[in-house]
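Subject: Structure handover

Hello,

Here is the structure we talked about, with my notes below it. Please open it alongside the text and follow the elements as they come up.

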Amino acid sequence: MTGDFSLEELARLPEFNHPAASPDGERVALYYDGTGRNELYVIDVETGQMEQVSDGNVPRNARYPFMWAPGGERIYFHRDEDGDEQNDIWQIDLDGDVSPVVEDSGQCVLADVHGDELLYASSVNGQMNLYCYDRGTEASEQLTDYDYAVHLGSFSPDGNRIAYTTNESNDLSNDDVYVADTDGSNARNLELGTDGSETRFVDWSPDGTRLLFSDNTADKTQCGVYDLEADETEWFGGSEYVENPVAFLADGSGFLALRTRDAAVVPLVYDIESRKATELNLPEGVASFPDYGDSALFGDGRLLVEQTTPTQRPALLVHDLESSTTETLLEPEYGNIDSELFTDAEYVRFESHDGLEIGGLLYDSGERPSPAIVDIHGGPAWYDHREFDRRVQFFTNRGYSVLQVNYRGSIGRGREFKHSLIGDWGGAEQGDIAEGVRWLGEKDWIDEERIVAYGGSYGGYSAYWQMVQYPELYIAGVAKIGLTDLHEMYETTMPHFRTELMEKYMGDPEENYDLYRERSPIEYTENLSAPLLMVHGVNDRRVPVSQARLFRDALEEDGFKEGEDGDFEYEELGEEGHGSTDIEQTIRSYELVDDFLNRRVPVE
């Protein structure tokens, strides 16, 4: 059943990213690659007409979102150099004219716009802190100066205050919500959660008297509404599901939220007075609202929603809250591919090495007996869910069944499950992945002698680790943009990844020197016993390419040979950072993996 559609056909199916409703609710802007390159488009909501705005002057990689100016006359976007994520902030008007707005030597991430002022986070002085750029004076002012990264900043509706999330606790798993004057003075920790909980700002109410936030003190993340004047909090949600707030409704009577349930994401509308949650009636899969929450609102009771399932490519919807009806603004595109060829996901559970129940997704290619790929997600605080996954469909179409494991440390199951990885990076969660492979191998339709480890980023770290710690389980491995030497990673990654990732999960590298060494795959290269493909982008600033180079050099020192007939294969991708959405770069990356699998683990 393999070869029903080509790799290039699948990779060239147009995708959209970061849809955002305009302030007047009449248009939706989005990134779209229908020309073969990522470009900015604007859709007229009433007519559905879509017009291209940019012409090669927005990033090829659509990783970072953009934001409308309050008047709707321009759009601010992130622009980096060949995927290095050292973003500057640029603007483009609806005639396609572009110009820089904020340029510095750090990574800039736009947080909010109020009038002529832009609130953004930047690492220009080391750690990610908030800055305000004034278009009138063309100058930036630093507003915060914290040792740990500042996230999720926003102006109050009147522009007199800012709210944001950061941490001043010694517990690196802690987050708190702060409110300060617009110049950053009089900052106050609202102390909405407990020490060690992740309490995160989400949105201001339209009248500026309340804050929408999330908190996981009670294990499962809940939505909270804090009254600034009364100093009181109302809680929404319970102990059954993780629920994350998104934005207040335009009239402040309720808010949008997302509920995670068995790897599906369900959109909700909460009524504040009744505390009742209403689920939007959509097919089971993953539904999401735009990156900047208020860009999901048209202002007239309609919402912008992106929706997908394992077999349905993303569609862009407009949902009317009053009538509970949904219209499609942008249909999913399939080109000449029959969507019936796509493989659905089964939500599965298995018992791990210590009795903990682990969940995941299983895709059956239909091949008998079927070789398999364990596709390991990154993060580590991420999870695989019921969405259309182009990579998985590529694998299953080639005849490989796919298992995705939501190992401990993944989000979607609560604080305790997520934080169980702290202090144990490379430990029990790797046992979860290995146990998932053993569970898969027991199925009579799986060829247990032909299982491949695959992963990118933290998933790449896991692929390296699986290949040198559980070599008996795998016939081959693919490690993309993965970590191999944790000490070197700490020294070369961006400052906020040192604190928010390395120190949080592993502690101080000097105090925990032995742990950093013990959990580095580079310490165990001699255990490699199956072919390994290593792929890394040369412009990666999160996981520098030195991580792959060091592992390659260590393999060669151990006597392993590189090459198509050797023990390992090595590829560096130029003009690419930590992965890419660009079509040509995606095709090139897929072709490398496809060629490797065809030679090393051919489907018989």
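Start with K443, which sits in the loop between α4 and β33. Keep in mind that this is a predicted model. Is K443 buried, exposed or partly exposed? Its relative accessibility is 25%. Buried would need a value under 20%, and exposed one over 50%. K443 therefore counts as partly exposed. Its C-alpha atom lies 10.0 Å from that of S370, although the two residues are 73 apart along the chain.

**The 8-stranded sheet**

The elements on either side of that loop lead to an open sheet of 8 strands. Its order is β29-β30-β32-β31-β33-β34-β35-β36, and the pairing is mixed. Which strands form the edges? They are β29 (345-351) and β36 (568-573), each paired on one side only. On average, neighbouring strands here are turned by 20 degrees against each other, direction ignored.

One pair to look at is β30 (residues 357-363) with β32 (residues 401-406). They run antiparallel and share 5 bridges. Within this pair, L362 has L403 of β32 as its bridge partner.

Two helices go with this sheet. Helix α4 (residues 428-441) lies across β29, β30, β31 (370-376), β32 and β33 (446-456). It runs at about 110 degrees to β29. Helix α9 (residues 546-557) also packs on the sheet, where it touches β35 (532-537) and β36. The direction of α9 makes about 155 degrees with that of β36.

**Helix pairs**

Helix α4 also meets helix α5 (residues 458-469). Their axes come within 11 Å and cross at roughly 70 degrees. An angle of 65 to 115 degrees counts as roughly perpendicular. So α4 and α5 are roughly perpendicular to each other. On the α4 side, the contact is made by E429, Q430, I433 and A434. On the α5 side, Y458, Y461, S462, W465 and Q466 take part. By class, the contact of α4 with α5 has 5 nonpolar, 3 polar and 1 charged residues.

How do α2 and α10 cross, left-handed or right-handed? First the geometry. The axes of α2 (residues 390-397) and α10 (residues 583-600) come within 12 Å, with a crossing angle of roughly 30 degrees. That makes the two helices roughly parallel. The crossing is right-handed. R390, R391, F394 and F395 of α2 meet T586, Y590, V593, D594 and L597 of α10. The residues of this contact divide into 5 nonpolar, 1 polar and 3 charged.

**Helix α7**

How many of the 12 residues of helix α7 (residues 495-506) are buried? The count is 9, so the helix is largely enclosed by the rest of the structure. The buried residues are H496, F497, T499, L501, M502, E503, K504, Y505 and M506. What covers them includes α3 (415-419), α6 (486-492) and α8 (513-518). Just after α7 comes G507, with a positive phi of about 80 degrees.

**Towards the N terminus**

An open sheet of 4 strands has the order β1-β2-β3-β4. Its pairing is antiparallel. The edges are β1 (16-21) and β4 (50-52). Each has a single partner strand, so one side of each is left without a neighbour in the sheet. Neighbouring strands of this sheet are turned by 25 degrees against each other on average, direction ignored. Strand β3 (residues 39-44) pairs with β4 over 3 bridges in the antiparallel sense. There, I43 stands opposite M50 of β4.

Then look at strand β6 (residues 74-79). Of its 6 residues, 5 are buried, so β6 is largely enclosed by the rest of the structure. It pairs with β5 (residues 67-68) in the antiparallel sense over 2 bridges. W68 stands opposite I75 in β6. The hairpin of β5 and β6 has 5 residues between the strands. Within that hairpin, G72 takes a positive phi near 75 degrees. Strand β6 is also joined by 6 bridges to β7 (residues 88-93), again antiparallel. The bridge partner of F77 in β7 is W90.

Best wishes

Technical notes. Residues are numbered from 1 along each chain as its sequence is written. This is a predicted model: local features need pLDDT of at least 70, side-chain atom pairs count only at pLDDT 80 or more; totals for chains, interfaces and linings use all residues. Side-chain values use heavy atoms; hydrogens and water are left out. Buried means under 20% relative accessible area, exposed over 50%, partly exposed in between (1.4 Å probe, protein chains only). Contact means heavy atoms within 4.5 Å. Two strands pair if DSSP finds at least two bridges between them. Axes are lines fitted to C-alpha atoms, for helices over the stretch in contact, and angles run from 0 to 180 degrees between N-to-C directions. Angles under 35 degrees count as roughly parallel, over 145 as roughly antiparallel, 65 to 115 as roughly perpendicular and the rest as oblique. A crossing is left-handed if the near helix is turned anticlockwise from the far one by less than a right angle, and right-handed if clockwise. Ala, Val, Leu, Ile, Met, Phe, Trp, Tyr, Cys and Pro count as nonpolar, Asp, Glu, Lys and Arg as charged, and the others, Gly among them, as polar.
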